[in-house]
Amino acid sequence: MSPPRPDLAVTLRLVVLTDSTLANSRGVPAIVEDSLAAGARAIQLRNKEAESARLLKAARELRALTRRFGALLFVNDRLDVALAAEADGVHLGRDDLPVAAVRAQVPQDFLIGCSTDDPLEAAHAVAGGADYLGCGTVYPTNSKADAGEVIGLERLERLARAVAVPVVGVGGITPARAREVARTSAAGVAVIGAVMGAADPAGAVRALLAPFIERGDG
C-alpha cells in the first residue's frame, strides 16, 4: 500500500476528465489549461478509442500542463501509458487489472484510483493499495456509454463512510449537483461534460469547486 497523502482529498475536490469530442474545436489541452488556471488540481486523460502512440502523446502534453500548475495527472485504464508519460497515477475500472497487481509493479508514490459503488469491492480495492475511489453513477449522464446504473446520493454516502481513502462522486455532476454532493462525505466530484462541454470551462471549474471550498475540510 502506498503511503497516505493527507492532501489528496483536497486535490480531488474536482477531477476533470477529458473528452475530445466535447472539446470540439477548442481542443482538450486548451480546456485543461483553462481548468488548471481556474483551480482544478486533478486531470484524468480518458480516451478509450485512441491508439497507444496517440494516447501517449496526449498524456505527455497534459503532463507538461499539470506540472506547470502543480496538479495531478491520471490516465484512465492504461497503466502502460501512465508510466511512460510519467503521470501521477492511473484510474482503473472493473474490467482493468486488479489494484493489488498494479500496486505491486509501480513506484511507491504512484497513485491508483478505482471505480466501484460497492462497499465490499471498495474495501478490497483499498486493501490492495487504492489511494482513492470513484463512485457512481450518482446522477443520470450521457457522457459515458458505460456509466451503469444510477446509485444516488445515499449510496455514495454509504461508500464514502465505508473506506478511509477519498471518494469522488461521478456521473451527471453539474455545479448545482456538486453542491448536493458536498453535503455528503465524498471528497469531491469527477466531471466530463460539465467542463469539457462548457461554454466557459474556467467558470464551470470555479462553480464546481466552490461548495467543497466552502465546506472547508482539508
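In this predicted model, Cys114 is buried, with a relative accessible area of 11%. This residue belongs to strand 5, which spans residues 111-115. Beyond its neighbours within four places in sequence, Cys114 is in contact with His91, Leu92, Val99, Ala125, Ala130, Tyr132, Leu133 and Gly134. One of these partners, His91, is 23 residues away from Cys114 in sequence, yet the two C-alpha atoms are 5.6 Å apart in space. Another partner of Cys114, Leu133, is one of the two residues with the most contacts inside the largest nonpolar core.

That core comprises 64 residues, and Leu14 is the other residue named with Leu133 for the most contacts within it. Among the elements of the structure, helix 11 gives the most to this core, contributing six residues. Nonpolar side chains tend to be buried together in soluble globular proteins. When neighbours within four places in sequence are set aside, Leu14 is in contact with Ala40, Arg41, Ala42, Val189, Val191, Val205, Leu208 and Leu209. A second core, separate from the largest one, has 13 residues, including Leu8, Leu12, Tyr132 and Ala190. Tyr132, listed in this second core, is also among the contacts of Cys114.

Helix 11 extends over residues 201-215 and contains Ala202. Ala202 has a relative accessible area of 16% and is therefore classed as buried, the limit being under 20%. Outside the four places on either side in sequence, the contacts of Ala202 are with Asp34 and Ala38. The C-alpha atom of Ala202 is separated by 20 Å from that of Val181, a residue 21 places away along the chain.

Asp34 lies within the span of helix 3, residues 28-37, whose axis comes within 10 Å of the axis of helix 4, residues 52-69. The two axes cross at roughly 15°, which makes helix 3 roughly parallel to helix 4. The crossing is right-handed. On the side of helix 3, the contact is made by Val28, Pro29, Val32, Glu33, Leu36 and Ala37. On the side of helix 4, the contributing residues are Glu61, Leu62, Leu65, Thr66, Arg68 and Phe69. Sorted by class, this contact has eight nonpolar residues, one polar residue and three charged residues.

Several loop positions have backbone geometry that deserves separate description. Most residues other than glycine have a negative phi, and most peptide bonds are trans. Asp77, which is not a glycine, has a positive phi of about 75°. Asp77 is placed in the loop that joins strand 3, residues 72-76, to helix 5, residues 79-84. A positive phi, near 60°, is also found at Glu86, again a residue other than glycine. Glu86 lies in the loop between helix 5 and strand 4, the latter covering residues 89-92. With a relative accessibility of 52%, Glu86 counts as exposed, because the class begins over 50%. The peptide bond from Gly136 to Thr137 is cis, with omega near 20°. Thr137 is located in the loop between strand 6, residues 132-135, and helix 8, residues 152-162.

Methods:
Residues are numbered from 1 along each chain as its sequence is written. This is a predicted model: local features need pLDDT of at least 70, side-chain atom pairs count only at pLDDT 80 or more; totals for chains, interfaces and linings use all residues. Side-chain values use heavy atoms; hydrogens and water are left out. Axes are lines fitted to C-alpha atoms, for helices over the stretch in contact, and angles run from 0 to 180 degrees between N-to-C directions. Helices (H or I, at least four residues) and strands (E, at least two) are DSSP runs, numbered from the N terminus. Angles under 35 degrees count as roughly parallel, over 145 as roughly antiparallel, 65 to 115 as roughly perpendicular and the rest as oblique. A crossing is left-handed if the near helix is turned anticlockwise from the far one by less than a right angle, and right-handed if clockwise. Contact means heavy atoms within 4.5 Å. Ala, Val, Leu, Ile, Met, Phe, Trp, Tyr, Cys and Pro count as nonpolar, Asp, Glu, Lys and Arg as charged, and the others, Gly among them, as polar. Buried means under 20% relative accessible area, exposed over 50%, partly exposed in between (1.4 Å probe, protein chains only). A nonpolar core is a set of buried Ala, Val, Leu, Ile, Met, Phe, Trp, Tyr and Cys residues joined through side-chain atoms within 4.5 Å.
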